Amino acid sequence: MEYNFRAIEKKWQEQWKASGAYKVSNESSKPKFYVLDMFPYPSGKGLHVGHPLGFIASDIYARFKRLKGYNVLHPMGYDAFGLPAEQYAIEHGIHPAVSTAQNIQNFREQLDNIGFSYDWDREVRTSEPGYYKWTQWIFLQLFNSYYDRSAQKAKSIALLVSVFEQEGNLNQECPGDSSLQFNASEWKAFTQKEQQDILMLYRLAFCGYGEVNWCEALGTVLANDEVVNGVSERGGHPVVKKKLRQWYLRITEYADRLLDGLKTIEFSEAMTEMQTNWIGKSYGAEIDFAIVSPQSSAQLTPHAAPLTVYTTRPDTIFGVDFMVVAPEHELIEKISTGEQKAAVEEYITYVKSRSDRERQAEKKISGCFTGAYAINPFNGKQIPIWISEYVLAGYGTGAIMGVPCGDERDHKFAQHFKIPITNIIGEYYNGVEANPTKDAKLENSDFLNGIVMRDAIAIVNNRLEEMGIGKKKVNYKMRDAAFSRQRYWGEPFPIQWKSGIAIPLPETELPLLLPEVDSYSPGPEGEGPLANIPEWVARELETNTMPGYAGSSWYFLRYMDPHNNETFCDRKVSDYWNQVDLYIGGTEHAVGHLLYSRLWTKVLFDLGHIGFQEPYKKLLNQGMIQGSSRFVHRLKTDPDFFVSHNLISEYDTLPIHVDVNIVDGLELDIAAFRIWKPEFANVKLLLDNNQLITSSETDLKGGRFICSAEVEKMSKSKFNTINPNDLVNKFGADTFRMYEMFLGPVDQSKPWDTKGIEGVHRFLKKLWRLFFDEIKGKLWNDEKATDEELKVLHRTIRKIEDDTERYSFNTAVSAFMICVNDLSDLKCSKREILEPLTIMLTPYAPHIAEELYHHLKNTPLFAQQRGAGGELSVLDASYPIFQEKYVTESSKEYPVSINGKVRTNINIALDATAEQVETIALSNELIQKWIEGKPVKKFIFVKGKMINVVV
RNA sequence: GCCCUGGUGGUGGAAUUGGUAGACACGCAGGACUUAAAAUCCUGUUCGCCGCAACGCGAGUGCGGGUUCAAUUCCCGCCUGGGGCACCA
């Protein structure tokens with residue numbers, strides 16, 4: 001009987017489906033465990049081998065926990081709204097709902113192939129009305145809430161209104177406009193529109209104006225991704241910044257809580273750092289500088305408005321040699337003087353054509369003097385005001401003070417424009433590069449001279465506050481999250497506009513269904529496609545739709561209670577399942593999805609809808625599977641002539657992508673190549689041994705055609721994608737699952753390489769042969785296991801359990817291999833050993849495990865024990881328990897090194913004392929030889945590890 | 001420009017992070033079985049040197065320093081692959 005994986009896998013997949021083996025109940029006496037994958041966007045390209053890496057890891061962990069006696073929630077669904085489906089609709093006229101459904105079906109087939117343990121009854125699709133009804137509902141919660149800063153939590157906006165009626169906004173600083181102040185009677189005197197405009201400045205979901213990438217030629221707004229070098233990626237049309245009405249989420253109010261929450265969850269250090277950097281909390285000060293402009297060469301005119309800069313280093317105020325304001329800064333127009341005006345305008349025009357990204361990455365220093373000067377409030381020094389693209393309008397006040405001796409970028413700026421540099425840190429500054437130290441004693445700093453910079457910060461802050469020209473200020477890099485898109489394929493906002501007032505739809509009218517449209521093209525004036533629908537516009541409904549991250553911000557909750565029509569998720573149910581215990585996905589969502597879903601969770605918590613405020617207890621990042629592309633090299637002068645890679649230095653060639661599937665290692669399958677594309681059918685190939693072959697020749701004359709290789713993103717256009725289906729067909733799901741894990745640590749990025757998959761497949765066949773012999777048939781028996789066999793088993797139990805628990809799936813696979821190798825050597829086919837092994841293997845290779853388990857259990861004895869009709873599945877077996885007594889050793893082969901070099905091994909009892917060990921070791925002949933009679937300086941003995949003799 | 005990650009045999013990786021570098025697997029070489037192939041099994045496989053061999057010696061975890069009895073692991077300085085950026089005053 002041989003290992004017929006195709007029949008076995010098909011049989012058990014059907015059986016598990018029929019028996020509802022993966023159905024999960026919300027009620028159980030077992031402890032709960034929630035394992036979640038980042039749900040995929042169902043793209044038209046289908047799954048490639050990179051996708052399942054995380055899915056397999058989570059499936060292994062979920063099945064492992066199930067065997068360990070947990071009630072495990074392990075769902076899957078689709079993040080089904082998104083731009084690609086809309087793009088596809090524009091190009092092909094196919095409704096996004098239709099193409100999305102097709103893609104989902106395709107994904108599902110691929111997923112089913114691999115044998116995941118998802119409870120498909122809980123599937124969610126964010127684009128289904130039954131789902132987005134609740135996305136809209138949560139949006140209304142956000143819309144109807146504000147952030148109470150003193151209580152540090154979200155509260156109902158109705159509450160805020162009653163506060164305003166009693167005391168105005170005296171104790172409720174306005175997050176949208178900190179200068180806004182009114183008392184109770186003023187509030188009551190406002191018109192309804194005025195009141196609503198004010199409330200908008202408080203709401204957690206609010207409407208405002210913001211800049212977007214606008215492409216006039218395409219008549220649409222573009223994502224940053226779609227803009228390359230100031231033009232649209234598609235078509236290369238110019239893109240400009242345009243202000244549009246936008247919805248936002250007031251995530252900035254939650255900055256501190258998002259920061260604090262990181263301490264309560266297990267994210268990787270890198271991930272925590274990324275989120276921390278994104279939030280970007282900094283402590284500094286805002287300082288007002290008076291401005292003067294020369295009216296004539298002799299006369300300086302003061303300006304009414306000051307230049308306010310934000311700095312984290314007020315202690316360096318005497319080192320300020322110039323100011324830089326962002327090119328968008330509103331002051332520029334007022335302060336730039338006649339002589340400089342033209343240059344300033346020219347510079348601003350140049351900057352406008354550039355993206356923020358380009359501006360930041362630019363190595364070349366650019367800038368323009370405005371002609372105006374700021375006055376240092378402490379010593380009256382005139383400081384030139386420049387504009388430069390490296391200062392961004394969106395951060396701080398959009399203006400900085402340049403301290404060249406302490407900041408590298410300022411230093412380069414000063415050097416480039418030959419601005420004299422004031423040294424305030426003495427020998428800490430070497431004149432060549434800036435030194436951002438806080439340890440220097442200040443010099444050239446008036447009343448701060450001799451004070452350590454670190455201490456000077458508070459002194460300057462106090463002085464500025466006394467003078468009324470500065471205040472301490474905490475700043476965040478993070479900005480409020482833009483929450484609207486001028487697109488079709490997303491959730492409609494449940495908002496009507498009446499006389500400029502946003503009115504939420506009553507909950508009873510949810511879901512507000514996404515209407516059918518004739519065309520998916522954008523609406524007029526940068527509005528979304530919904531603006532093209534007369535009925536929609538007539539109802540005065542919002543024409544924007546929600547962004548992709550809306551639906552994914554709360555999907556983990558819907559899985560818990562997916563069919564509930566009364567509420568997004570029953571509170572009792574969310575109390576039971578609680579946080580996601582293990583969340584697996586890629587780092588690409590480090591700051592987007594992961595931050596937004598944390599925000600939504602906190603708001604839902606504040607409003608009392610759920611009982612926890614961090615969605616994910618533990619996050620595991622899977623590495624990216626890269627593609628390993630192959631290239632053939634073609635003569636530049638002759639498109640029908642290809643040169644083997646080892647010879648290209650002698651020719652002028654161009655690399656061309658070739659399908660990795662027709663290259664074995666680096667050797668091209670020439671016959672397959674000629675068939676691959678018709679244009680290659682008759683080409684000439686110069687082989688590695690300098691033999692030239694033409695289309696008619698099949699004899700390779702002992703040569704090979706060698707390709708070159710490069711690691712790139714996995715993508716269809718690079719012909720380096722591998723479809724998991726092909727591998728599953730060839731080797732089976734169990735082999736595929738184990739091979740993906742065997743590839744390396746799950747969190748490490750690596751290029752895909754199929755060539756080792758045979759080894760894993762051989763392992764499963766070898767395991768099979770412990771159970772069955774081709775001639776003798778059944779091998780397993782009920783003989784008593786020997787100590788040695790039990791030692792092999794229990795070592796394996798310890799290793800697999802430990803490795804699985806710490807997500808080291810690659811080493812677990814190798815532990816299985818070692819175990820099966822050992823058992824084969826021992827010719828052990830005893831049930832006592834094989835049964836626990838089979839159970840342990842279940843998370844990794846469920847199909848073969850179930851098959852073998854059933855063979856083992858297919859005896860009258862077990863049938864009797866089970867009773868009539870008793871279901872039997874390895875999925876619910878109990879995990880073998882490790883027993884120390886089988887693996888304890890009494891002695892160890894100690895490596896002995898002399899002066900750090902290992903010279904020999906000696907076997908010493910583990911319970912030997914240090915003195916005994918020293919005596920034994922030093923009397924050893926070989927060790928004596930190496931000591932060469934020299935005195936022993938030091939004898940180091942690390943129990944259970946090694947011995948080192950220093951002479 | 002800034003941030004985060006990696007760099008170990010021919011290849012993927014192991015060494016649970018100071019304590020025997022190269023587990024496990026691929027590939028390769030040789031052999032057994034076979035008419036042959038597939039499958040399977042056995043042996044060898046970091047590099048260099050000496051040698052018939054056992055053994056032995058030396059080098060070795062990107063490069064150069066350092067700390068230590070002991071460094072893939074810790075520190076300093078470089079080189080380099082990959083990923084991300086709204087980067088921060």
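Okay, let's start at Val-517, which you'll find in the loop between strand 20 (501-504) and helix 16 (534-538). This is a predicted model, by the way, so please hear everything I say as a description of that model. Is Val-517 buried or exposed? It's buried: the relative accessible area is 12%, and the cut-off for buried is under 20%. If you want a landmark from elsewhere in the chain, try Lys-133. Val-517 and Lys-133 are 384 residues apart along the chain, and their C-alpha atoms are separated by 20 Å.

Right, on to the strands. Have a look at strand 9, residues 240-249. Strand 9 runs antiparallel to strand 5, residues 205-215, and 10 bridges join the two. To pick out one of those partners, Gly-210 is bridged to Leu-244 in strand 9. Strand 9 also pairs with strand 18, residues 481-482, again antiparallel, through two bridges. There, Leu-249 stands opposite Ala-481 of strand 18.

Now for the aromatic rings. How many aromatic pairs are there? The count comes to 68. One of them takes us back to strand 9: Trp-247 pairs with Trp-497 in a tilted arrangement, 6.1 Å centre to centre with 45 degrees between the planes. What I like here is that this pair links distant parts of the chain, since Trp-247 belongs to strand 9 and Trp-497 to strand 19 (residues 495-498), 250 residues apart. Both Trp-247 and Trp-497 are buried.

Compare that with Tyr-488 and Trp-489. Why does that pair count as stacked? Because the planes of Tyr-488 and Trp-489 are at 25 degrees, and stacked calls for under 30, with the ring centres 6.4 Å apart. Tyr-488 and Trp-489 are both buried too.

Rings can also group together. One aromatic cluster is formed by Phe-33, Tyr-61, Phe-64, Tyr-70, Tyr-807, Phe-809, Phe-816, Tyr-844 and Tyr-879. And some rings have a charge sitting over them. The charged end of Arg-250 is over the ring of Phe-206, 3.8 Å from its centre. Arg-463 does likewise with Phe-447, its charged end sitting 3.9 Å from the ring centre.

Let's finish with the empty space. Rolling a probe the size of a water molecule over the atoms shows where such space is left. Searching the whole structure turns up three cavities of 30 Å³ or more. The largest has a volume of about 40 Å³. Which residues line the largest cavity? Tyr-22, Arg-63, Arg-66, Leu-67, Ser-117, Thr-842 and Leu-875 do, and by class they divide into three nonpolar, two polar and two charged. The second largest cavity also holds about 40 Å³, and its lining is Tyr-147, Arg-149, Gln-172, Glu-173, Pro-175 and Tyr-202. That lining has three nonpolar, one polar and two charged residues.

Last stop, a pocket. The second largest pocket has about 650 Å³ of space. It's lined by 26 residues, and the ones nearest its centre are Gln-13, Glu-14, Lys-17, Tyr-22 and Asp-112. You may remember Tyr-22 from the lining of the largest cavity. Which helix gives the largest share of this pocket's lining? That's helix 1, with eight residues. Helix 1 (5-19), helix 4 (96-114) and helix 22 (724-731) each supply at least two residues. By class, the pocket's lining has nine nonpolar, six polar and 11 charged residues.

Conventions
Residues are numbered from 1 along each chain as its sequence is written. Chains are lettered from A and ligands numbered from 1 in the order in which they are written. This is a predicted model: local features need pLDDT of at least 70, side-chain atom pairs count only at pLDDT 80 or more; totals for chains, interfaces and linings use all residues. Side-chain values use heavy atoms; hydrogens and water are left out. Two strands pair if DSSP finds at least two bridges between them. Helices (H or I, at least four residues) and strands (E, at least two) are DSSP runs, numbered from the N terminus. Rings of Phe, Tyr and Trp (its six-membered ring) pair if their centres lie within 6.5 Å; planes under 30 degrees apart count as stacked, over 60 as edge-to-face and the rest as tilted. Buried means under 20% relative accessible area, exposed over 50%, partly exposed in between (1.4 Å probe, protein chains only). A charge sits over a ring if NZ of Lys or CZ of Arg is within 6 Å of the ring centre and within 35 degrees of the ring normal. On a 1 Å grid over the protein atoms alone, a cavity is a set of points where a 1.4 Å probe fits but cannot get out, and a pocket is an open set with protein on both sides within 12 Å along at least five of seven lines; lining residues have an atom within 4 Å of a point. Grid points are joined across faces, edges and corners, and a volume is the space filled by probe spheres set on the points. Ala, Val, Leu, Ile, Met, Phe, Trp, Tyr, Cys and Pro count as nonpolar, Asp, Glu, Lys and Arg as charged, and the others, Gly among them, as polar.
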